[in-house]
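Please read the following account with the sequence and the coordinates open side by side. It moves from local backbone features to sheets, cores and ligand surroundings.

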Amino acid sequence: MTALPKTFRVKSFGCQMNVYDGERMAELLGAQGMRAAAEGEDAELVVLNTCHIREKAAEKAYSDVGRLRREDGSKPMVALAGCVAQAEGAEAKARSGLIDLVVGPQAYHRLPDMVAEAAGGARPVDTDMPAISKFDALPARRRVGPSAFLTVQEGCDKFCTYCVVPYTRGAEISRPFADIVAEAEALVDSGAREITLLGQNVNAYAGGLDVLIRAIARIDGLERIRYTTSHPADMQDALITAHGEVEKLMPFLHLPVQSGSDPILKAMNRSHTAESYLRTIEQVRAARPDIAISGDFIVGFPNETDADFEETLKIVEAVGYASAYSFKYSPRPGTPAATMDGQVAPEVMDERLQRLQAVIAAQSLAFNRATVGKTVPVLIDRKGRKDGQMIGKSPWLQSVFAETGAGIGEMVTVRVEQALPNSLGGVLA
Ligand code: SAH
Ligand code: SF4
Ligand code: F3S
């Protein structure tokens, strides 16, 4: 038996949905009368909200758990949450004696009960994926920053052969339309001016993502709408049209392609080809010519040859990305690709990754340079490093820094004077 913790800290890793889940867990604990630990203060409960997508991310979870032991040998109550918790379940307790409870992404509404059970001496595990939505059991949204995340769809039925998400997040489910609109209104009431709609397959949202975007665009006080992540095969005409018609919908699209080689895309079970992807990009650009395109790539998928990799470089060349993430293939337990013949040597992956990242970096810089001289609206979201300097986002999701007396949450107009690989500098216009 230990006392119930009075202070907590939630640390989230991985994708934006984990950030959203982390906020909701903090709200749940807050509603129980616990308070978030201040910076530098030891929290009595630490929630590690983990990511399982690549081996490195998953291993990080355990090394982070190990680091929670204090110098005097004591430790906080440790909750393992997120996708590693879902994937490992009770095994996680066996791997580390420091873990007091294990809670999966579809069960975290039970966190306060589980904390009480752990204080009573139990080591509870809950990785259920109940049919009833956890969202119904969550407290009201509290104050958030100017830019808020809102989960509208969760889980994935695509089963790309390299990916753990269908196993860690479960089957695709869409939240009810009215609940999402109500949450968006609550977020705007509490200070959000930008909302990013989240889903592992957000454009597979059952009610039609375009319909949802148009409904949310009617909320007074909301100025910017974004969404992520989309699957190329679900990029419906109606959504593309919305990009040309809904002013609040920002000109940015994250559309992962993974590879430019059709045989590799097929082996990945991606259900799109290089050509169908390029056609989609063309349609999106026809609807919204200034749209910034972003993507994800995997190099070194089993049996990827030099020629396959050249196709990936070609598709990057053809699209012209504003930004993109690229990763070395990481075999994940339980996924079909992990046991495929033809695993690619690490040195080969390293070399391909370097080449790909060099091309992407050059494209990002070119995209940023094309903004120099333009006047852009910037939503301020944090302080800069220098005195009086503030940082915010352009419509194209570039970080822009400028000297301004404007506070966090204000929209300012900046004339861009300087382009760096990952940011822009400018002066108030
Ligand atoms: N739902 C999104 C993103 C899922 S995970 C989509 O469909 O694209 C984010 C990115 O991680 C993926 O786009 C992919 O590029 C990468 N990824 C997923 N599994 C991986 C693995 N086993 N090895 C390396 N990268 C992986
Ligand atoms: Fe993973 Fe593919 Fe689903 Fe994206 S679409 S979450 S990559 S299985
Ligand atoms: Fe990672 Fe889970 Fe997101 S595996 S990328 S935290 S859905």
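Ser271 lies in the loop that runs between α10 (262-267) and α11 (274-287). In this predicted model, Ser271 has a positive phi of about 55° although it is not a glycine, and with a relative accessibility of 54% it counts as exposed, because the threshold for that class is over 50%. Leu397, placed in the loop between β16 (389-393) and β17, likewise has a positive phi without being a glycine, here near 65°; its relative accessible area of 34% makes Leu397 partly exposed. Another backbone feature is the cis peptide bond from Thr228 to Thr229, with omega near 0°, and Thr229 itself is found in the loop between β11 (224-228) and α9 (237-245).

The loop between β17 (399-403) and β18 holds Thr404. Is Thr404 buried or exposed? At 12% relative accessibility Thr404 counts as buried, since that value falls under the 20% cut-off. A polar atom of the Thr404 side chain lies 2.8 Å from the backbone nitrogen of Ala406, and, leaving aside neighbours within four places in sequence, Thr404 is in contact with Ile380, Gly388, Met390, Val412 and Leu428.

The strand that follows this loop, β18 (residues 411-419), pairs in the antiparallel sense with β15 (residues 375-383) over five bridges, and within that pairing Val376 stands opposite Val414 in β18. β18 also pairs in the antiparallel sense with β19 (residues 424-428), again over five bridges, with Leu424 in β19 as the bridge partner of Ala419. The connection from β18 to β19 is a hairpin of four residues.

A further sheet is open and parallel, its six strands following the order β2-β1-β3-β4-β5-β6. The edges are occupied by β2 (35-36) and β6 (125-126), each of which has a single partner strand, so one side of each is left without a neighbour in the sheet. Within this order, β4 (residues 77-81) and β5 (residues 101-103) pair in the parallel sense over three bridges, and Leu80 stands opposite Val102 in β5.

Turning to the packing of side chains, in soluble globular proteins nonpolar side chains tend to be buried together. The largest nonpolar core here has 50 residues, of which Leu197, Leu209, Leu212, Ile213, Ile216, Tyr227 and Tyr277 touch the most other members. Helix α8 (residues 209-217) supplies the largest share of this core, namely six residues. Ile216, when its neighbours within four places in sequence are left aside, is in contact with Ile180, Ala184, Leu197, Leu222 and Ile225. A second, separate core of 25 residues includes Phe8, Met25, Ala107 and Leu111.

Two ligand surroundings complete the tour. Which residues surround ligand 2? They are Cys156, Lys158, Phe159, Cys160, Tyr162, Cys163, Val165, Pro166, Asn201, His231 and Arg270, and this shell divides into seven nonpolar, two polar and two charged residues. Ligand 3, for its part, is surrounded by Cys15, Asn18, Thr50, Cys51, His52, Ile53, Cys83, Arg169 and Gln200, a shell made up of four nonpolar, four polar and one charged residue.

Terms used
Residues numbered from 1 in each chain as written. Chains lettered and ligands numbered in written order. Predicted model: local features only at pLDDT ≥ 70, side-chain atom pairs only at ≥ 80, totals over all residues. Heavy atoms only, no water. Core = buried A, V, L, I, M, F, W, Y, C linked by side-chain atoms within 4.5 Å. Buried < 20%, exposed > 50% of the residue type's maximum accessible area, 1.4 Å probe, protein only. Helix = DSSP H or I, 4+ residues; strand = E, 2+ residues; numbered from the N terminus. Contact = heavy atoms within 4.5 Å. Pairing = 2+ DSSP bridges. Near = heavy atom within 4 Å. Nonpolar A, V, L, I, M, F, W, Y, C, P; charged D, E, K, R; others polar. Polar contact = N/O pair within 3.5 Å; in protein donor to acceptor, adjacent residues only side chain to side chain.
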